[in-house]
Structure formats: structure tokens, C-alpha cells
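Biologist: I'm new to this one, so please walk me through the largest pocket up close. After that, show me what else is worth a look in the rest of the chain.

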Amino acid sequence: GLKFSNGTLQYSIWLAGKSNALLSGVFLDDFTYHSYTFNDMIGSQGVSKEKMKIAMDKDKEMRLQSSASFEYACIQAHVKYTVHHDKSIATQEVLRESVYSDILLVSADESFTHFNEDRPSEFIRDLLADIQCPVMIIPRTYQETQKVVLLYDGKPSSVFAIKMFNYLMPWMQNIETEVVSVVDPKDNSILPENDLIREFVRCLYPQAKYTLLHGNAEEKIVRYLKECNKNVLVVLGAYRRSAVSMWFKTSMADILIKEIDIPLFIAHNK
């Protein structure tokens with residue numbers, strides 16, 4: 001509500017319209033988070049009750065304006081919608097909502113701090129670690145998808161993500177699709193489980209092309225996507241990792257959120 005994202009709104013309207021779904025606008029009115037800081041409350045006699053009231057009223061108005069903008073956009077697009085004003089801790093509220101949702105759309109820039117954070121923010125990282133449904137990370141501005149890139153590394157999580165993407169967006173079968181994989185230069189130049197993955201993908205995306213890159217996956221994929229001359233939507237899998245493991249290994253999702261401003265469809269495999 002305090003950092004309304006038009007990009008997220010537009011992608012949400014598009015997805016809800018395509019799938020004839022109920023779109024829930026979840027406004028996280030976290031009682032610990034405000035647009036103002038403690039220093040803004042200081043007057044000549046210390047903390048000013050008058051300044052505090054003005055600031056709190058301003059936040060309330062901003063939150064109401066955001067939800068009103070969401071409702072208006074849904075009505076104009078003839079999309080079924082509902083509005084939730086969740087007032088507890090933001091991360092906990094979103095995780096609770098995700099249990100009862102098919103997919104969550106959230107801005108890549110979303111955070112609940114007063115200072116600028118590098119992407120992905122702590123809020124996004126916590127969300128991706130424990131989310132209970134697929135997530136679509138939304139860039140700053142809406143662009144019509146011209147191509148879908150399915151990242152495949154031979155692990156169940158990457159195949160699971162492709163399954164979930166197809167279940168939720170079957171109409172995307174008509175979009176140009178490419179399977180991208182990275183292998184060690186010393187290994188054979190074939191996809192992991194080559195026959196099985198090609199058979200699987202052929203059922204869903206019969207016109208899909210395949211690109212095999214060699215070298216470091218993080219570097220090669222980022223470079224490849226940056227050089228793509230079309231508006232790309234990337235599909236990738238992710239593991240739910242323990243808090244300890246997250247200290248030692250950065251996920252591909254984290255790297256792509258940081259390096260490229262494109263929509264990412266991310267699904268966990270338990």
C-alpha cells in the first residue's frame with residue numbers, strides 16, 4: 001500500500017484475465033512498517049503528537065488510495081477480485097495467503113524497510129524460502145511476453161517448475177519457447193536425461209527449441225538472457241533450503257532478480 005507497484009498490477013490483471021481467476025489484492029498494512037521515520041516525529045518538545053497524527057493519517061490515506069487504484073483497475077478490466085488488508089507481520093501474512101493461492105505475484109523491488117536494499121530484498125528472500133505456491137517475480141514495468149525460457153538443469157525442481165507453469169498458464173504453449181541448459185565443458189554435450197526431458201517438453205511445447213550452454217551456469221545464463229532481443233519470461237525451479245544452507249549458496253533465482261529486470265516464474269520442489 002505504501003509502495004504501490006503498477007507493474008505488478010498490470011501483470012496481475014493480465015494473468016487473472018487470461019485464466020478467468022479470482023485476483024486477490026493483498027495489501028500488507030504491517031503495523032511495524034510506516035512511510036515515516038522516528039526523526040520525522042521530533043518537534044521542539046520531543047516527539048510531537050501532532051506530527052505523528054499527520055504522518056499516520058497520511059499513511060492511512062496512501063494505503064486506501066492504493067487499494068482503490070487496484071479495485072478500479074480490476075473493474076475496468078472486468079476481472080473478478082477481492083481485497084485483503086493484512087495488518088500483522090508482512091512476511092507471515094504473505095506466507096499464510098500463499099497456502100490458499102495458486103500463484104503469488106510480487107514486485108522484485110518489494111521491501112519493508114526505510115533504506116534501499118540490494119535486490120532481492122530480505123523480504124523477497126524470506127518469501128522465496130518458505131512460499132507455499134509458485135511465485136512470479138515482477139519487473140518494474142509491464143511488457144507483453146514474446147518468448148518463454150525454460151531453465152533446465154536435470155534436477156526435479158526444474159521439471160516441476162515447467163509442470164506448474166503449464167498447469168497455470170496453458171495458453172503460453174503458443175508463445176515461442178526455448179529450453180536452456182548449462183553443462184560442464186568436460187561433459188558430453190547433451191541435456192541431462194536427454195530422452196526423457198525432450199519427450200516431456202514435446203507434450204507441452206512441441207515447437208520448443210533447445211540451447212545448450214557450456215561453463216558456469218550463473219554467468220552463462222545471465223549473459224544469455226541479457227543478450228536476448230525479445231521480452232522474455234523465465235521459468236525456473238528452486239529448492240526450499242534451510243537457513244544455514246542459504247548462507248553458503250546463492251540461488252539462481254537470487255542472481256536473476258539482482259541482475260535482470262524480467263518476469264520470473266519460480267516454483268519449489270519439496
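Modeller: I'll begin with the pocket, go through the pieces that line it, and then move on to the rest of the protein.

One caution before we start: what you have in front of you is a predicted model. For a bit of background, the protein has nine helices and eleven strands. Of its 270 residues, 45% are buried.

Now the pocket itself. The largest pocket holds about 980 Å³ of space. You find such places by rolling a probe the size of a water molecule over the atoms, which shows where empty space is left. Its lining counts 40 residues, and if you want to find the middle, look for Ser 24, Gly 25, Val 26, Leu 104 and Leu 105, which lie nearest its centre. Six elements each give two or more residues to the lining: the helices α1 (6-19), α2 (49-77), α3 (90-99) and α4 (122-130), together with the strands β1 (23-28) and β5 (104-107). Sorted by class, the lining has 23 nonpolar residues, eleven polar ones and six charged ones.

Let's pick one of those lining helices, α3. Seven of its ten residues are buried, so this helix is mostly covered. The buried ones are Ala 90, Thr 91, Glu 93, Val 94, Leu 95, Glu 97 and Ser 98. Notice that two glutamates are on that list. As for what does the covering, β1, β4 (81-86), β5 and α4 are included. Of these, β1, β5 and α4 also turn up among the elements that line the pocket.

The loops that link the lining elements have a couple of oddities. As a rule, most residues other than glycine have a negative phi, and most peptide bonds are trans. Go to the loop between α1 and β1, and you meet Asn 20. Its phi is near 50°, a positive value in a residue that isn't glycine. Asn 20 counts as exposed because its relative accessibility is 59%, and the cut-off for exposed is over 50%. Then go to the loop between β5 and α4, where Pro 120 is found. The peptide bond that joins Arg 119 and Pro 120 is cis, with omega at about -5°.

Now let's leave the pocket and look at how the chain packs elsewhere. In soluble globular proteins, nonpolar side chains tend to be buried together. Here the largest nonpolar core has 36 residues, and the ones with the most contacts inside it are Ile 137, Leu 151, Leu 225, Val 234, Leu 236, Leu 256 and Leu 264. Helix α9 (residues 252-259) supplies the largest share of this core, five residues. Val 234 is a handy spot to zoom in on: leaving aside residues up to four places away in sequence, Val 234 touches Val 149, Leu 151, Leu 225, Leu 256, Ile 262, Pro 263, Leu 264 and Phe 265. Apart from that core lies another one, of 29 residues, with Val 148, Val 179, Leu 204 and Val 235 among them.

Touches across the sequence like these fit a wider count. Among contacts between residues at least 6 apart in sequence, 80% join residues at least 24 apart. Val 159 is one place to see this, and you'll find Val 159 in helix α5 (residues 156-168). Val 159 and Phe 200 are 41 residues apart in sequence, yet 9.0 Å apart in space, C-alpha to C-alpha. Beyond its sequence neighbours up to four places away, Val 159 touches Tyr 152, Ile 197 and Phe 200. At 21% relative accessibility, Val 159 counts as partly exposed, because buried means under 20%.

Last stop: the loop between β8 (176-183) and α6 (194-204), where Glu 193 sits. Like Asn 20, Glu 193 has a positive phi of about 50° without being a glycine. Glu 193 is exposed, at 52% relative accessibility. Pro 185 is in the loop between β8 and α6 too. This proline is exposed, with a relative accessible area of 56%. The C-alpha atoms of Pro 185 and His 214 are separated by 5.2 Å, with their positions 29 residues apart along the chain. Setting aside residues up to four places away in sequence, Pro 185 touches His 214 and Gly 215. Asp 187 lies in that loop as well, and its C-alpha is 9.2 Å from that of His 214.

Key. Residues numbered from 1 in each chain as written. Predicted model: local features only at pLDDT ≥ 70, side-chain atom pairs only at ≥ 80, totals over all residues. Heavy atoms only, no water. 1 Å grid on protein atoms, 1.4 Å probe; cavity = no way out; pocket = protein on both sides within 12 Å on 5 of 7 lines; lining within 4 Å. Points joined across faces, edges and corners; volume = space filled by probe spheres on them. Helix = DSSP H or I, 4+ residues; strand = E, 2+ residues; numbered from the N terminus. Nonpolar A, V, L, I, M, F, W, Y, C, P; charged D, E, K, R; others polar. Buried < 20%, exposed > 50% of the residue type's maximum accessible area, 1.4 Å probe, protein only. Contact = heavy atoms within 4.5 Å. Core = buried A, V, L, I, M, F, W, Y, C linked by side-chain atoms within 4.5 Å.
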